[in-house]
Amino acid sequence: MRLNCTVNGEPRQADDVWAGESLLYVLRERLGLPGSKNACEQGECGSCTVYMDGTPVCACLVAAGQAEGRDVVTVEGLADGPVQQAFLAAGAVQCGFCTPGLVVAVHDLLARDSAPTDPEIREALAGNLCRCTGYEKILDAVRIAAAS
Amino acid sequence: MTTVETQVISGVGTSPKRPDGGLKVRGEFAFSSDLWADDMLWGATLRSPHPHARIRGIDITAAVALPGVYAVLTQEDVPGAKRYGLEIADQPVLAMDEVRYQGEPVAVVAADHPETARRAAARIAVDYEVLPAVTEASLGVLLRHVPVRAGDPAAKADVVVTGEYQVGMQDQAFLGPESGLAVPAEDGGIDLYVATQWLHVDQKQVAECLGLPADKVRLSLAGVGGAFGAREDLSMQVHASLLALHTGRPVKMVYGREESFFGHVHRHPAKMWYEHGATRDGKLVYVKAKIVLDGGAYASSSTAVAANAATLGIGPYEVPNVVMDASVYYTNNPPCGAMRGFGAVQACFAYESQMDKLALELGLDPVEVRLRNAMTTGSRMPTGQIVEGPAPVASLLTRVRSFPPPPSSSGDLREMPGGVSNTTHGEGVVRGIGYGIGIKNVAFSEGFDDYATARVRLEVIGGEPAVLVHTAAAEVGQGLVTVQAQIARTELGVERVTVATADTSVGSAAPPSPPRQTTRTGAAVGAARQAVRTELLARVGGARLDGGKVLSESGTVVADLAASIGDEPIEKTVEWRHRPTYPLDPVTGQGNAHVQYAFAAHRATVDVDLDLGLVRVVEIVTAQDVGKAVNPLAVEGQIHGGTAQGLGLALMEEIQIVDGVVRNPSFTDYLIPTILDMPPMKVDILEMADPHSPYGLRGVGEPPTISSTPAIVAAIRAATGKALTRVPVRPEHIVE
Ligand code: FES
Ligand code: FES
């Protein structure tokens, strides 16, 4: 099938998409946007988090066809701003595989709530797994980003 | 491949931002699963559904017939060695006449779409004759037995405590799955871009299996999404190379999460029997222990894991009389090998549980009984080796104990056991505190020639002095690239430091695991840079370097650094070796088998819902001696991450195997800690320089994984009074 959607502000088209492909596969393998990561393919890890029509979703759980005509923003499409800088300043990046998904999730959290409490941060990021950091520095990053 | 270029602005002991960090936060860093080549094909692997079966035949006809399929290969297509392995070459590249564990690779396919490749693999007809599976270690074939004997084997004591303990099979669960890209080269060789911990060992094994000379198998490190030991063994390296050579096209292989559970080794499950004898005032007289490890179907690094379990298995304590037997067996369970903590984790759960039992028996505080037996510098290990470096065991324990206790529960549901499942508002919830301390060897042991090579080049680029650092060390997330640049900058005083991507064109970095890697490769970089510095100073007759100038002894400027280099760059390649280690005596286990020791202590505070058996960890305090914190932010991050993996083992992480079949190969069913499971972590870092290591470096990443597990379980015991002899602790163990 042919898929048309807006990605990072630009109209994009993908041809010969097999119906079983996920939005994540289309982004990574057909549109040259491998920033969103695939760590579980079943909605458990949040590594693939992207915005679809302004709402964060797990791109691995979105069938390619469901993205038809929608507005998708990936980590590559976010302005390099306080969230990304805070991840660096806090030491919240180790292997970095979880980072793109977390950057999108934190970007969304702070857009909704500019001064979240620690329990609110934990709740908001409960769907993003990180195996390297134990999350302590990720919490620091959110606090730093919120304060800037 | 890319070169990571950076202006590192600070030296050893500060926390510069990681040079790869900017790419990672923008989603631009190329992990091994992100690689792409024109015209590339996708590989897929057919794996055995049976833990043990004879293969009577394989029919690939239907798979080959599928449009879009370019190759279907079985063991007959492996041109070189049919088996490989880290210690013993016992693992088939593709199964031959028999499969020995569920998930063993049987055939590989290349196709133009990953789904086509998977469907083709599913069309391969394998005729299996299912055989009985050995799934209990004690019934398996012995792979290695490591005895350690010290003092009087018949020693008697006033107070005796015994216990039987079990540790389940833990998975490294790195986030970035096994993946890589194999590109056939014009010279008949292969260029392999892969996420690995050990480029040169991969290269040797891949070349042997492909039947190619080593120089025709060129490996480059692609971005690694975590490792924790799981990337020491081969996974898709040979398979992708075979497919690429066969089709003449680049082949990418990326495991999904389920396949990843079958694609790497796990932490050895263990059964352990311990007997501790002590005087009435709590001094240990003897320890007798038997540790049985399930090695699974192939050897991997099992023999070294067993040696660690045996030599470190009584913990950081002075014990005059020891009878220790650690054994590892082949079974038809998934193969086990390296995971963070490497053989020291399982035993620590047992000996620390025993120390708590002893404290209870004697009516002593659990920290007090540990302090009375704590080893120090000069203590003798049960192997006879004298601990020469810092051993601040008592200090680490008193440090974690002296932290103020965490505040009592705020009442916020999110901080209750059960969380927003709304299972309790505090009724039936009891708090407990527990302690744990562990010991870990750093670097390889038993005479393994463990070295790292670094090349450092000092040259003038655009009128500025610049340093290029080139090693084969794998950046797997621990911040090694930053550390290498920091070390290079520290003695050359050059702002511009470039760390080239690791590949096999320099000598071995030999370090599978992060802590060892920072130490060894850091030492090699330090030594290479020293050599560059010496030559430069000799060239212009200076005494030291500072701020881009060459200075004399008295501090006057002799020459400009850039001018002294001119158009004659200085390049030095240095191999750095740890001081040698020696094999263990096969009967007594005596011998200086280890290079260094490292220690960490934890205090855990938990809230337990006694009615439902749900646990919430409220706080974890860690004290650790890191030798020298080259990069404090990264050191804290390693300690946090290691502690979190120990929490996972204590409470939730287990690969569940029934009759040799894995029941939970997904992140839905194999749970790793989320941000809601992790408590605030306080870290107290000691820096006691190691006399045997440049910069006093000591491994950082492993010790915190070892003792957080027993500390958490001790805290649950304190809250519940339950014996809790198995990890992970399940709710039913608490309510039963
Ligand atoms: S890959 Fe989508 S949630 Fe894990
Ligand atoms: S930094 Fe490695 S998974 Fe989060």
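**Exercise 1.** In this predicted model, determine whether the residues on the two faces of β2(B) are buried or exposed.

*Solution.* Begin with one side of the strand, where L41(B), G43(B), T45(B) and R47(B) are all buried. Turn then to the other side, where W42(B), A44(B) and L46(B) are buried as well, and both faces of β2(B) are therefore covered. Taken together, 7 of the 7 residues of this strand, which spans residues 41-47 of chain B, are buried, so β2(B) is largely enclosed by the rest of the structure.

**Exercise 2.** Find the strands that pair with β2(B), and give the direction of each pairing.

*Solution.* Strand β15 of chain B (residues 251-254) runs parallel to β2(B) and is joined to it by 2 bridges, with L41(B) standing opposite V251(B). Strand β8 of chain B (residues 105-111) pairs with β2(B) in the antiparallel sense over 6 bridges, and there A44(B) has V109(B) as its bridge partner.

**Exercise 3.** Classify the ring pair formed by F97(A) and F31(B), and locate its two members.

*Solution.* The whole structure holds 8 aromatic pairs over all chains. For F97(A) and F31(B), the ring centres are 4.8 Å apart and the planes stand at 80°; because an angle over 60 degrees counts as edge-to-face, the pair is edge-to-face. The contact crosses between chains, since F97(A) sits in the loop between α2 and α3 of chain A, and F31(B) in the loop between α1 and β2 of chain B. Both residues are buried, and together with F29(B) they form one aromatic cluster. As a last step, look at F29(B) itself, whose face has K24(B) lying over it at 4.7 Å from the ring centre.

Definitions and conventions. Residues numbered from 1 in each chain as written. Chains lettered and ligands numbered in written order. Predicted model: local features only at pLDDT ≥ 70, side-chain atom pairs only at ≥ 80, totals over all residues. Heavy atoms only, no water. Buried < 20%, exposed > 50% of the residue type's maximum accessible area, 1.4 Å probe, protein only. Helix = DSSP H or I, 4+ residues; strand = E, 2+ residues; numbered from the N terminus. Pairing = 2+ DSSP bridges. Phe/Tyr/Trp six-rings, centres within 6.5 Å; stacked < 30°, edge-to-face > 60°. Lys NZ or Arg CZ within 6 Å of the ring centre and 35° of its normal.
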